Amino acid sequence: MPNTGRQNEVKAVVFDCDGVMFDTVKANTAYYDHILHHFGKPGMTAEQFAFAHMHTVDEALAHLFDDAAELAQARALRTQMSYLPFLQAMEIEPGLKPLLRRLKPRYHTAVATNRTDTMNRVLRTHGLEGLFDLVVTALDVARPKPHPDQLDRILDHFALTPAQAVFIGDSELDAAAAAAAGVAFIAYANQRLPADFHIERLDQVADILARH
């Protein structure tokens with residue numbers, strides 16, 4: 001992560017949601033299994049979960065239902081479901097709030113997520129309202145991750161260059177989006193990803209910023 005002067009000084013820290021801000025294994029498994037079971041299908045396989053974890057809900061449902069009529073019914077069911085029980089199953093990463101408080105007010109904080117219409121409720125349910133300056137979901141851009149659109153929007157919003165932001169993610173889509181946007185990538189709890197830095201705890205982000 002280059003830092004050759006103030007023009008390259010990091011000014012924004014961007015977070016992915018699922019797998020970084022929250023452990024969502026239980027919540028996402030329960031959510032998609034509920035939909036599958038409604039249609040008499042077994043729960044997700046490991047491969048299906050890995051896909052659903054990274055992609056938008058529409059992309060995940062299309063992956064789970066290859067019959068067009070069933071897919072339409074699954075999407076209709078999804079719009080009628082309450083997401084609250086699944087929100088409560090999300091487990092916030094213990095270092096998230098302390099890190100956000102530590103970053104303020106020196107850095108802008110933002111979220112770039114392939115979640116769609118659930119993100120505001122996620123923040124409200126877990127007491128994160130007001131801790132992010134900008135939240136960009138898959139609904140806010142033409143193309144979700146792995147495309148760079150979300151990160152590009154964040155850079156434009158804060159009038160920053162790619163060298164002035166870092167993105168923390170845990171998936172191949174996150175890594176690809178960061179690379180496409182030219183933003184330094186911090187891989188969280190995933191040593192397999194190509195990244196500028198690898199961390200296992202969120203408090204390590206502040207240490208990286210202090211050194212660079």
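Six strands form an open sheet in this predicted model. Reading across the sheet, you meet them in the order β5-β4-β1-β6-β7-β8, and the pairing is parallel. In general, strands of a sheet pair through backbone hydrogen bonds, either parallel or antiparallel. At the edges stand β5 (134-136) and β8 (197-199); each has a single partner strand, so one side of each is left without a neighbour in the sheet. From one strand to the next, the twist averages 20°.

Let's start at the β5 edge. Here strand β4 (residues 108-112) pairs with β5 in the parallel sense, over three bridges. If you look for Ala112, you will find that Val136 in β5 stands opposite. Helix α6 packs on the sheet, where α6 touches β1 (12-15) and β4. The direction of α6 makes about 160° with that of β1.

Now move across to β7. Strand β6 (residues 165-169) and β7 are parallel partners, joined over four bridges. One pair to look for is Gly169 with its bridge partner Ala187 in β7. Is strand β7 buried or exposed? Five of the five residues of β7 (residues 184-188) are buried, so this strand is largely enclosed by the rest of the structure. In a regular strand the side chains alternate between the two faces of the sheet. You can follow the two sides in β7: Ala184, Ile186 and Tyr188 lie on one, Phe185 and Ala187 on the other, and all are buried.

Next come the helices. Two packed helices are described by the angle between their axes and the distance between the axes. Take helix α6 (residues 96-103) and helix α10 (residues 204-211): they pack at an angle of about 25°, with their axes 9 Å apart. Angles under 35 degrees count as roughly parallel, which is why α6 is described as roughly parallel to α10. On the α6 side, the contact is made by Leu99, Arg102 and Leu103, and on the α10 side by Val205, Ala206, Asp207 and Leu209. Among the residues of this contact, five are nonpolar, two are charged and none is polar.

A second helix pair makes a good contrast to explore. The axes of helix α1 (residues 25-38) and helix α4 (residues 68-80) come within 10 Å and cross at roughly 125°. That angle makes α1 oblique to α4, and the crossing is right-handed. Tyr31, Ile35 and His38 of α1 meet Ala74, Leu77 and Arg78 of α4. By class, this contact of α1 with α4 has four nonpolar residues, one polar and one charged.

How values were computed:
Residues are numbered from 1 along each chain as its sequence is written. This is a predicted model: local features need pLDDT of at least 70, side-chain atom pairs count only at pLDDT 80 or more; totals for chains, interfaces and linings use all residues. Side-chain values use heavy atoms; hydrogens and water are left out. Axes are lines fitted to C-alpha atoms, for helices over the stretch in contact, and angles run from 0 to 180 degrees between N-to-C directions. Angles under 35 degrees count as roughly parallel, over 145 as roughly antiparallel, 65 to 115 as roughly perpendicular and the rest as oblique. Contact means heavy atoms within 4.5 Å. Ala, Val, Leu, Ile, Met, Phe, Trp, Tyr, Cys and Pro count as nonpolar, Asp, Glu, Lys and Arg as charged, and the others, Gly among them, as polar. Two strands pair if DSSP finds at least two bridges between them. A crossing is left-handed if the near helix is turned anticlockwise from the far one by less than a right angle, and right-handed if clockwise. Buried means under 20% relative accessible area, exposed over 50%, partly exposed in between (1.4 Å probe, protein chains only).
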